[in-house]
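Please take a moment with the sequence and the three-dimensional view below before reading on. The paragraphs that follow walk through the structure one region at a time.

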Amino acid sequence: MADTLTVIDNRTGQQYELPIKDGTIRAMDLRQIRTDAGDFGLMSYDPAFLNTASCRSRITYIDGDKGILQYRGYPIEQLAEHSTYLETAYLLVFGELPTAAQYAEWERTINAHTIPHENIKRFLDGFQHDAHPMGILLATMGAFSTYYPDAKQIFDQASRRLQTIRLIAKAPSVAAYAYRHAAGRPYIYPDASLGFTGNFLRMLFMGTEATYRPDPVLERALDVLFILHADHEQNCSTAAMRAIGSSQSDPFSAFAGAAAALSGPLHGGANEAVLRMLQEIGTVDRIPAFIEQVKGGADRLMGFGHRVYKSYDPRAKIIKKTAYEVFEVTGRNPLLDVALELERIALEDDYFVSRRLYPNVDFYSGLIYQAMGFPVDMFPVLFAIPRTAGWIAQWEEMLLDPEQKIARPRQVYAGAAPRDFVPRERRG
Ligand code: CMC
């Protein structure tokens with residue numbers, strides 16, 4: 001069996017043999033298919049990249065039909081059970097799990113870079129008290145490009161390492177500052193004696209107590225959520241990170257763009273949208289009317305559906321289990337009943353079944369965040385913090401890939417035919 005695709009162009013009768021590799025043909029191979037010497041050649045048309053692989057990647061594997069997610073070959077279920085977010089971040093960035101010595105050094109280095117520049121506090125003061133924390137996060141992380149001009153040395157490996165550490169280390173600090181800015185509370189400096197996630201919780205929630213110790217169950221639950229969100233191959237925000245980075249801009253600027261892509265309700269903003277949806281539905285008896293609204297096209301069932309997962313989202317399974325562990329500590333979130341009933345009805349209803357719409361990572365995460373005391377608008381920020389590791393790993397992979405160039409899609413022009421300029425006074 002030859003690994004080729006035979007194409008016959010019925011416009012010309014010409015036949016072409018296109019090589020098939022890894023289940024793909026090269027879009028550039030289509031360009032030889034021309035009607036005559038002056039023809040530009042055939043392109044593929046793929047709005048929203050439904051069927052286009054834009055890179056070869058060794059970072060994350062997803063099988064959407066089987067509900068498989070692996071980082072660097074490790075199943076997400078095993079990482080969620082045995083790893084920590086910081087270790088998973090190391091795995092994503094370096095490709096292998098760290099040894100004990102490597103992990104200790106990684107943790108020490110991240111801890112050494114958690115404090116943002118002191119001027120950042122004044123930068124934050126410029127935001128309104130009700131500014132959305134996702135806007136604060138992306139603007140502040142983007143502003144770091146002006147604090148670290150060395151970040152422009154993107155082809156210097158040592159510089160890339162340093163920016164990687166800065167991004168991963170500072171994201172939770174900026175997120176905590178954003179939260180405290182909205183709450184009108186003083187900013188808290190990081191405490192290196194706590195783990196990555198415990199320290200984040202302290203920076204958020206520490207009050208007047210002399211020492212703050214996070215609840216270990218909640219700390220572990222948030223760490224698991226961080227592991228689950230750390231990467232997801234070529235999603236909208238990662239594609240943005242790679243596209244921006246492909247123009248050779250610095251990683252802080254690329255982060256700002258990726259975070260902007262993440263903030264939308266169809267992507268990382270979905271966890272916030274789910275919670276607002278559940279609050280709006282309010283009680284179980286109002287679910288049937290809401291479902292009808294969704295089926296009529298007036299609404300979307302937020303937290304359902306995925307471009308890639310068509311049987312189930314393995315992250316959602318783990319999150320649902322984590323939710324029950326969290327509720328043991330915090331008490332049951334009253335919206336859980338609405339979510340469970342919504343899920344039960346949707347999984348039986350032909351509209352959702354026939355479209356293969358299942359709960360995704362965002363369906364239950366918001367209930368956990370809310371039970372832990374996070375305001376709803378912090379939810380997308382809680383997605384962005386761990387995704388920093390994935391973005392930076394994907395960004396570096398793109399930079400070092402000899403096949404990559406500046407990302408520049410083609411278009412099919414569908415506008416006006418050439419015409420002559422008409423002076424304003426003569427326009428109808
Ligand atoms: N509620 C109701 N109908 C839906 C939904 C939904 N959540 N998602 C998809 N559909 C319908 C859609 O209307 C379409 O129906 P039809 O064929 O009759 O026009 C069909 O299902 C296919 O949908 P699509 O929009 O072509 O699917 P997509 O792959 O472009 O979109 C999605 C994927 C995640 C944007 C979409 O499912 C969605 O909007 N879900 C709600 C938002 C959400 O939960 N996003 C979080 C995604 S997971 C976290 C992350 O990685 O960002």
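## From the ligand to the core

A polar side-chain atom of R307 sits 2.8 Å from an oxygen atom of the ligand, and this is a convenient place to begin reading what is a predicted model. Two other side chains approach the ligand through polar atoms as well: a polar side-chain atom of Y351 lies 3.0 Å from a nitrogen atom of the ligand, while an N or O atom in the side chain of R355 is 3.0 Å from an oxygen atom of the ligand. Taken alone, the ligand would expose 940 Å², and the protein buries 73% of that.

Looking at the surroundings as a whole, one finds 20 residues around the ligand, with H267, R300, L301, G303 and R307 being the closest. Sorted by class, this shell is made of 10 nonpolar, six polar and four charged residues.

Next to R355 in the numbering comes R356, whose place is the loop between α15 (350–354) and α16 (362–371). The phi angle of R356 is near 55°, a positive value in a residue other than glycine. Is R356 buried, exposed or partly exposed? R356 counts as partly exposed because its relative accessibility is 36%, which falls between the limits of 20% and 50%. A second residue with a positive phi is E233, which is not glycine either and has a value near 40°; E233 is found in the loop between α8 (216–229) and α9 (236–245).

From that loop the chain can be followed into α9, and here one may ask which residues of α9 are buried. They are S237, T238, A240, M241, R242 and G245, and the buried residues of α9 pack against α10 (251–262) and α17. As a general point, residues three or four places apart in an α-helix point the same way, because such a helix has 3.6 residues a turn.

Within α17 lies W391, which counts as buried because its relative accessibility is 0%. Leaving aside neighbours within four places in sequence, W391 is in contact with D231, S237, T238, M241, F255, A258, A259, L262 and A384. With one of these residues, S237, the side chain of W391 makes a polar contact, side chain to side chain, at 3.1 Å. The pairing with M241 shows how the fold joins separate stretches of the chain, for W391 and M241 are 150 residues apart in sequence and yet 6.4 Å apart in space, C-alpha to C-alpha.

Helix α17 also leads to the interior, where the largest nonpolar core has 115 residues, and those with the most contacts inside it are I168, F200, M277, L278, L342 and F374. The largest share of this core, 13 residues, comes from helix α17, which spans residues 379–400. To see one of these core residues in its setting, consider F200, which, apart from neighbours within four places in sequence, is in contact with P172, A175, A176, L222, F226, F374, L382 and I385.

A last stop is T322, which belongs to helix α13 (residues 314–330). With a relative accessible area of 5%, T322 is buried, since buried means under 20%. Beyond its neighbours within four places in sequence, T322 is in contact with A221, V224 and I368.

How values were computed: Residues numbered from 1 in each chain as written. Predicted model: local features only at pLDDT ≥ 70, side-chain atom pairs only at ≥ 80, totals over all residues. Heavy atoms only, no water. Core = buried A, V, L, I, M, F, W, Y, C linked by side-chain atoms within 4.5 Å. Buried < 20%, exposed > 50% of the residue type's maximum accessible area, 1.4 Å probe, protein only. Helix = DSSP H or I, 4+ residues; strand = E, 2+ residues; numbered from the N terminus. Contact = heavy atoms within 4.5 Å. Near = heavy atom within 4 Å. Polar contact = N/O pair within 3.5 Å; in protein donor to acceptor, adjacent residues only side chain to side chain. Areas by Shrake-Rupley, 256 points an atom, 1.4 Å probe, with all protein chains shown as cover. Nonpolar A, V, L, I, M, F, W, Y, C, P; charged D, E, K, R; others polar.
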